[in-house]
Amino acid sequence: MNALEVRNLSKDFGGLRVLDNVSFSLRPGERRGIIGPNGAGKTTLFNIISGNLKPSAGDIFLYGARVTRLPSWHRSRLGLARTFQKSNLFSGLSLYDNLYLALLATDSPFNAKDILKEWGMWEKRKICVDRLSHGEQRQVELLLALAQHPRIILLDEPTAGLSPAETEVIVKIIGDLPRDITILIIEHDMEVVFALAERITVLHFGQIVAEGSKEEIKSDPRVRQIYLGIGGEGLSRAAPKRSPHLLW
Ligand SMILES: Nc1ncnc2c1ncn2[C@@H]1O[C@H](COP(=O)(O)OP(=O)(O)OP(=O)(O)O)[C@@H](O)[C@H]1O
Ligand SMILES: [Mg+2]
């Protein structure tokens, strides 16, 4: 049985078709990357999988159960967690309170105190999250999602805006996750995608245009054309993050 299946998913915003008949599935424990230019529909796809947005058409299945009409809290209880491209922390609240609230939404067997001690963050529990560095905030968002004890985790650009050293910390946390956790990660940084994902799905104007191993994706003519234009010289370089045209 698949951990996640997205079947014939479409999303229209007014007259704009942002996702167009998207279908893919993840095996339990699979690590999958999603790449695609800015505006390709990646975050919209996550919003629909997590239940933050309703699809215009299509279905979502978690471990074989159709969850298309279930609210996001119900999907959390079924083992789905996510992080957000833009910070989703409760600004003005402490680290402890943010964790406490994240745990309320789930059936996590952990409590806030034990988790903070395990992370080595107990001393920082009373600090307001706004006062943490950007790198620490991204790390906390990831840890809050993991504290929910997910079976599937959706990560939306977890290293966006981070320094190379901060990126390394996040990549290690994700890379060291137990093998039974299924990971779907949106990432513009190709070094991060290639380090973490076994297979990669490419979205372009709301459609899946390629799916395969790193090697297949790197040599796919359609992907090379989308990112580099015909005659591009290769896919090995990591490009500046957030570049609208050239992503690697
Ligand atoms: N709530 C909304 N209402 C109208 N249009 C939207 C809404 N959310 C997203 N869009 C549009 O849908 C398209 C896809 O946006 P989305 O955020 O999913 O792209 P993305 O692939 O995550 O891009 P990025 O790499 O920049 O994060 C964009 O054209 C965006 O402007
Ligand atoms: Mg996005």
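A residue counts as partly exposed here if its relative accessible area falls between the two cut-offs, buried being under 20% and exposed over 50%. Glutamine 85 has a relative accessibility of 25%, so it is partly exposed. Threonine 43, at 24%, is partly exposed as well. I will come back to both residues. What you have in front of you is a predicted model.

The sheet first. It is open and has four strands, in the order S2-S1-S4-S5, with antiparallel pairing. Strand S2, residues 16–26, and strand S5, residues 65–66, are the edge strands; each has a single partner, so one side of each has no neighbour in the sheet. Helix H1, residues 42–50, packs on this sheet and touches S1, S2 and S4. The direction of H1 makes about 115° with that of S1, which covers residues 4–13.

Now the pairings. In general, strands of a sheet pair through backbone hydrogen bonds, either parallel or antiparallel. Here S1 and S4 run antiparallel and are joined by five bridges. Within that pair, arginine 7 stands opposite aspartate 59 in S4. On its other side, S4, residues 57–62, pairs with S5 over two bridges, again in the antiparallel sense. Leucine 62 is placed opposite alanine 65 of S5. S4 and S5 make a hairpin with two residues between them. In that turn, tyrosine 63 has a positive phi of about 45°.

Next, the ligands. Which protein atoms are donors to the magnesium ion, ligand 2? They are OG1 of Thr43 and OE1 of Gln85, at 2.0 to 2.1 Å from the ion. These two come from distant parts of the chain, 42 residues apart: threonine 43 belongs to helix H1, while glutamine 85 sits in the loop between strand S6, residues 80–82, and helix H3, residues 95–104. So the two partly exposed residues I began with, threonine 43 and glutamine 85, are the protein donors of the magnesium ion.

Ligand 1 has 14 residues around it, and those that come nearest are Gly39, Lys42, Thr43, Thr44 and Gln85. Thr43 and Gln85 therefore appear both in this list and as donors of the magnesium ion.

Three polar contacts to oxygen atoms of ligand 1 are worth going through. A polar side-chain atom of threonine 44 is 2.6 Å from one oxygen atom of the ligand. For lysine 42, a polar side-chain atom lies 2.7 Å from an oxygen atom. Alanine 40 contributes a polar backbone atom, with an oxygen atom of ligand 1 at 3.1 Å.

Technical notes
Residues are numbered from 1 along each chain as its sequence is written. Chains are lettered from A and ligands numbered from 1 in the order in which they are written. This is a predicted model: local features need pLDDT of at least 70, side-chain atom pairs count only at pLDDT 80 or more; totals for chains, interfaces and linings use all residues. Side-chain values use heavy atoms; hydrogens and water are left out. Two strands pair if DSSP finds at least two bridges between them. Contact means heavy atoms within 4.5 Å. Axes are lines fitted to C-alpha atoms, for helices over the stretch in contact, and angles run from 0 to 180 degrees between N-to-C directions. Donors are N, O and S atoms within 2.8 Å of the metal (3.2 Å for Na, K and Ca); water is not among the atoms, so sites may look incomplete. Buried means under 20% relative accessible area, exposed over 50%, partly exposed in between (1.4 Å probe, protein chains only). A residue is near a molecule or strand if one of its heavy atoms lies within 4 Å of it. A polar contact is a pair of N or O atoms within 3.5 Å; within protein, one must be able to donate a hydrogen and the other to accept it, and residues adjacent in sequence count only if both atoms are side-chain atoms.
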